[in-house]
Amino acid sequence: MTQIDFHTNISDKFLYTCRLVRKARMAQRQIVILSSNAEDLATLDQALWTFSEHDFLPHVRAGDPLAAQTPVILAADEETEWPHHQILVNLSGRTPQHFARFERMFEIISLAEDDKAGGRERYRFYQQRGYPLTHFVAENV
């Protein structure tokens, strides 16, 4: 059963996601990052290249011919089959259709009220279905 981790109170979802992906890659995990739209995906793509001078996080978009060999996949929709099923990072603001295929999913919830409300709805959804949940509240200083 998919372990679901909620990370809330996040001031910069893209930077936070880059750090989370770096940590997961250090553990040799494969990651799919699901965003809500192409614009956010482009921002995340750029952030993964520039957030650290010392880290290289190879990534491609879903559907790329090299997706199966690349450890991080960026997706804005769920129409393309994803070759990885270890970690899903959900930035989409919705419940992913196929989240149960993954070993673990991270829900990244920003400070925005609509994002918080959507996160609470998804938390209840997963909780009612018996998924193991954890909640981490980030300290923004």
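The following exchange asks how several descriptions of this predicted model are justified.

Me: What makes up the secondary structure of the chain, and in what order do the elements run?

Reply: The chain holds three helices and seven strands. Starting at the N terminus, they follow the order β-α-β-α-β-β-β-β-α-β.

Me: How do you know whether the radius of gyration of the chain agrees with that of a compact globule?

Reply: A compact globule of 141 residues would have a radius of gyration near 14 Å, and the chain has 14 Å, so the value agrees. The C-alpha atoms fill a box of roughly 35 × 35 × 30 Å along the principal axes. Of the 141 residues, 44% are buried. The chain exposes about 7700 Å², and carbon and sulfur atoms supply 50% of that area.

Me: What share of the contacts between residues at least 6 apart in sequence join residues at least 24 apart?

Reply: The share is 64%. Each such contact requires heavy atoms within 4.5 Å.

Me: Why is Glu-107 called buried, exposed or partly exposed?

Reply: The term buried applies under 20% relative accessible area. Glu-107 has 0% relative accessibility, and therefore it counts as buried. This residue is found in strand E6, residues 104–110. Leaving aside neighbours within four places in sequence, the residues in contact with Glu-107 include Ile-4, Phe-6, Asn-90, Arg-94 and Tyr-126.

Me: What makes the pairing of the Glu-107 and Arg-122 side chains a polar contact?

Reply: A polar contact needs a pair of N or O atoms within 3.5 Å, one able to donate a hydrogen and the other to accept it. The side chains of Glu-107 and Arg-122 make such a contact at 2.9 Å. Arg-122 is itself one of the buried residues of helix H3.

Me: How do you know on which side of H3 the buried residues lie?

Reply: The buried residues of H3 are Asp-115, Gly-118, Gly-119, Arg-122 and Tyr-126. They cover an arc of only 105° around the axis, and therefore they sit on the same side of H3. An α-helix has 3.6 residues a turn, so residues three or four places apart point the same way. On the other side of H3, Glu-113, Glu-121 and Gln-128 are exposed. The buried residues pack against E1, H1, strand E5 (87–90), E6 and strand E7 (133–137).

Me: How do you know whether the span of H3 is close to the expected one?

Reply: Helix H3 covers residues 113–128, which is 16 residues. From its first C-alpha to its last it reaches 23 Å, close to the 22 Å expected at 1.5 Å a residue. After H3 comes Gly-130, with a positive phi near 85°.

Me: What makes the buried residues of H2 line one face of the helix?

Reply: In H2, the buried residues are Leu-41, Leu-44, Ala-47 and Leu-48. Seen down the axis of H2, they fall within an arc of 125°, so they line one face of the helix. Ala-38, Glu-39 and Thr-50 are exposed on the other side of H2. The cover over the buried residues includes helix H1 (13–26), strand E2 (31–34), strand E3 (59–61) and strand E4 (72–75).

Me: What makes Asn-37 a cap of H2?

Reply: A side-chain oxygen of Asn-37 lies 3.1 Å from the backbone nitrogen of Glu-39. This distance is within the 3.5 Å limit for a polar contact. Asn-37 thus caps the N-terminal end of H2.

Me: Why is Arg-61 called buried, exposed or partly exposed?

Reply: Partly exposed lies between the buried limit of 20% and the exposed limit of 50%. Arg-61 has 35% relative accessibility, and therefore it counts as partly exposed. Arg-61 is in strand E3. Among its contacts beyond four places in sequence are Ala-38, Leu-41 and Asp-45. The C-alpha atoms of Arg-61 and Leu-41 are separated by 8.7 Å, with the two residues 20 apart along the chain.

Me: What makes the phi of Gln-28 notable for a residue that is not a glycine?

Reply: Most residues other than glycine have a negative phi. Gln-28 has a positive phi of about 60° although it is not a glycine. Gln-28 is in the loop between H1 and E2. At 58% relative accessibility, this residue counts as exposed, since the cut-off is over 50%.

Methods
Residues are numbered from 1 along each chain as its sequence is written. This is a predicted model: local features need pLDDT of at least 70, side-chain atom pairs count only at pLDDT 80 or more; totals for chains, interfaces and linings use all residues. Side-chain values use heavy atoms; hydrogens and water are left out. Buried means under 20% relative accessible area, exposed over 50%, partly exposed in between (1.4 Å probe, protein chains only). Helices (H or I, at least four residues) and strands (E, at least two) are DSSP runs, numbered from the N terminus. The arc is that of the directions from the helix axis to the C-beta atoms. The radius of gyration is taken over C-alpha atoms; the globule rule is 2.2 Å times the number of residues to the power 0.38. Accessible areas come from the Shrake-Rupley method with a 1.4 Å probe; for residues, only the protein chains shown count as cover. The expected span of a helix is 1.5 Å times one less than its number of residues.
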